[in-house]
Amino acid sequence: MAMKGVLRPGHVQLRVLDMDASLSHYVDRMGLIKTDQDAQGRVYLKGWDEHDWFSVVLRPADEPGMDFMGFKVDSAATLNELEQKLKDFGCKVERIPAGELNHCGERVRFDSPTGHLFELYADKDYHGNSVGVMNPHPYPEDIKGMKVHRFDHCLLYGDDLDGSVKLFTDVLGFSETEKVMAGPDGQLKIGSFLTCGMKAHDLAIIRHGEKGKLHHASFLLRSWEEVLHAADIMGRYKIPIDIGPTRHGITRGRTIYFFDPSGNRNETFCDSYDWYPDHETITWTEDELGGAIFYHDQALNERFLTVVT
Ligand code: FE
């Protein structure tokens with residue numbers, strides 16, 4: 001499959017209350033690498049196997065949450081084309097100049113029916129991963145803590161789920177890989193899992209009373225052993241775990257949820273399946289929701305469902 005249009009999640013900007021504590025968490029414990037900081041006090045991070053300059057930006061703030069999530073597109077021409085389509089859809093669209101985020105080209109920022117801010121961009125400075133491209137070793141020796149490979153996806157909560165699904169599928173060309181249906185006749189969509197590539201999700205959105213909330217920002221590991229190792233790090237450093245290690249029915253991911261020092265939920269996970277755009281969307285029904293979310297327990301966890309930032 002040729003990768004065209006929107007390529008992948010490229011960055012997320014998270015609000016944090018205490019930068020020193022946050023860097024201890026994201027760098028020393030999770031294993032992200034600090035690549036820059038700017039005059040606003042924002043700190044730029046990347047996973048060891050990411051090639052662009054950053055994928056996570058931490059911004060000092062008074063309350064936690066997500067400022068925006070950015071997706072990389074294949075070219076400046078695509079950026080222009082999608083900018084017009086977003087305007088036609090009715091989004092409030094803003095061009096942000098190159099360099100407003102260090103190492104990042106022009107960004108097209110837009111709002112969404114669920115009240116989140118997203119961005120598209122075509123250019124970001126190339127940093128290279130930690131093993132290079134000349135006779136590389138399979139992994140670097142000096143990565144800390146949980147050794148996360150890369151930023152993977154966000155799960156967001158907001159009110160007009162149907163509107164945001166329409167935006168991502170009709171305008172930006174995402175596929176809906178999985179959906180959760182509820183209500184008396186099973187016709188109310190309460191969750192949607194969306195991909196721009198071959199993953200089970202690059203973005204997930206859950207129907208929720210408030211606009212613009214973050215449920216979690218997720219980071220990829222490559223094996224169940226690595227997930228258990230991440231859990232050991234959480235135990236060793238008393239990082240508050242929300243739930244796990246366990247498995248999701250939805251996406252098949254094997255996962256742990258935990259909190260950063262500001263109360264933002266993080267996930268480390270492995271596994272899933274390959275998505276091709278000719279697959280049919282998977283449907284989960286309300287009566288199977290327990291197993292859809294936590295496959296082992298087959299039961300929901302109130303904190304997991306209700307705590308957002
Ligand atoms: Fe997730």
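By the rule that rings of Phe, Tyr and Trp (its six-membered ring) pair if their centres lie within 6.5 Å, the count comes to 10 aromatic pairs. One of them is formed by Tyr44 and Phe54, which meet edge-to-face with 5.1 Å from centre to centre and 80° between the planes; planes over 60 degrees apart count as edge-to-face, those under 30 as stacked and the rest as tilted. This pair links distant parts of the chain, since Tyr44 belongs to strand E3 and Phe54 to the loop between E3 and strand E4 (56-60), 10 residues apart. Helices (H or I, at least four residues) and strands (E, at least two) are DSSP runs, numbered from the N terminus.

The structure is a predicted model, in which local features need pLDDT of at least 70 and side-chain atom pairs count only at pLDDT 80 or more, while totals for chains, interfaces and linings use all residues. Residues are numbered from 1 along each chain as its sequence is written, and side-chain values use heavy atoms, with hydrogens and water left out.

Both Tyr44 and Phe54 are buried, a word that stands for under 20% relative accessible area, whereas exposed stands for over 50% and partly exposed for what lies in between (1.4 Å probe, protein chains only). Phe54 also has a charged neighbour, for Lys124 lies over the face of its ring at 3.8 Å from the ring centre. A charge is said to sit over a ring if NZ of Lys or CZ of Arg is within 6 Å of the ring centre and within 35 degrees of the ring normal. Another such contact brings the charged end of Arg29 over the ring of Tyr237, 3.6 Å from its centre.

Strand E3, the home of Tyr44, also has a partner strand. Strand E2 (residues 33-37) and strand E3 (residues 43-46) pair in the antiparallel sense over 4 bridges, where pairing requires that DSSP finds at least two bridges between two strands. Gln37 stands opposite Val43 in E3, and the two strands form a hairpin with 5 residues between them, where Gly41 in the turn has a positive phi of about 85°.

Elsewhere, one aromatic cluster is made up of Phe71, Phe110, Phe118, Phe168 and Phe174. Phe168 is also among the buried residues of helix H3 (residues 161-171), together with Leu161, Gly163, Ser164, Val165, Leu167 and Val171. After H3 comes Gly173, whose phi is positive, near 80°.

What coordinates the iron ion? His153 (NE2), His216 (NE2) and Glu267 (OE) do, at 2.1 Å, and along the chain these donors follow the spacing H-x62-H-x50-E. Because His153 lies in strand E9 (residues 150-158) and Glu267 in strand E16, the pair ties together parts that are 114 residues apart in sequence. Donors are N, O and S atoms within 2.8 Å of the metal (3.2 Å for Na, K and Ca), and water is not among the atoms, so sites may look incomplete. His153 counts as buried because its relative accessibility is 1%, and Glu267 counts as buried because its value is 2%.

The loop between strand E16 (265-270) and strand E17 (282-285) holds Asp278, which counts as exposed because its relative accessibility is 67%. Asp278 and Ser175 are 103 residues apart in sequence, and their C-alpha atoms are 9.4 Å apart in space.

Strand E9 appears again at the largest pocket, where E9 and strand E1 (6-16) are the elements that give two or more residues to the lining. The pocket has a volume of about 420 Å³ and is lined by 22 residues, of which Arg8, Pro9, Arg150, Phe151 and Lys199 lie nearest its centre. The largest share of the lining, 4 residues, comes from E1. On a 1 Å grid over the protein atoms alone, a pocket is an open set of points where a 1.4 Å probe fits, with protein on both sides within 12 Å along at least five of seven lines, and lining residues have an atom within 4 Å of a point. Grid points are joined across faces, edges and corners, and the volume is the space filled by probe spheres set on the points.

Some backbone angles complete the picture. Most residues other than glycine have a negative phi, and most peptide bonds are trans. A cis peptide bond, with omega about 0°, joins Gly244 and Pro245, and Pro245 has its place in strand E14 (residues 241-247). Lys238 has a positive phi near 55° and counts as exposed because its relative accessibility is 72%.
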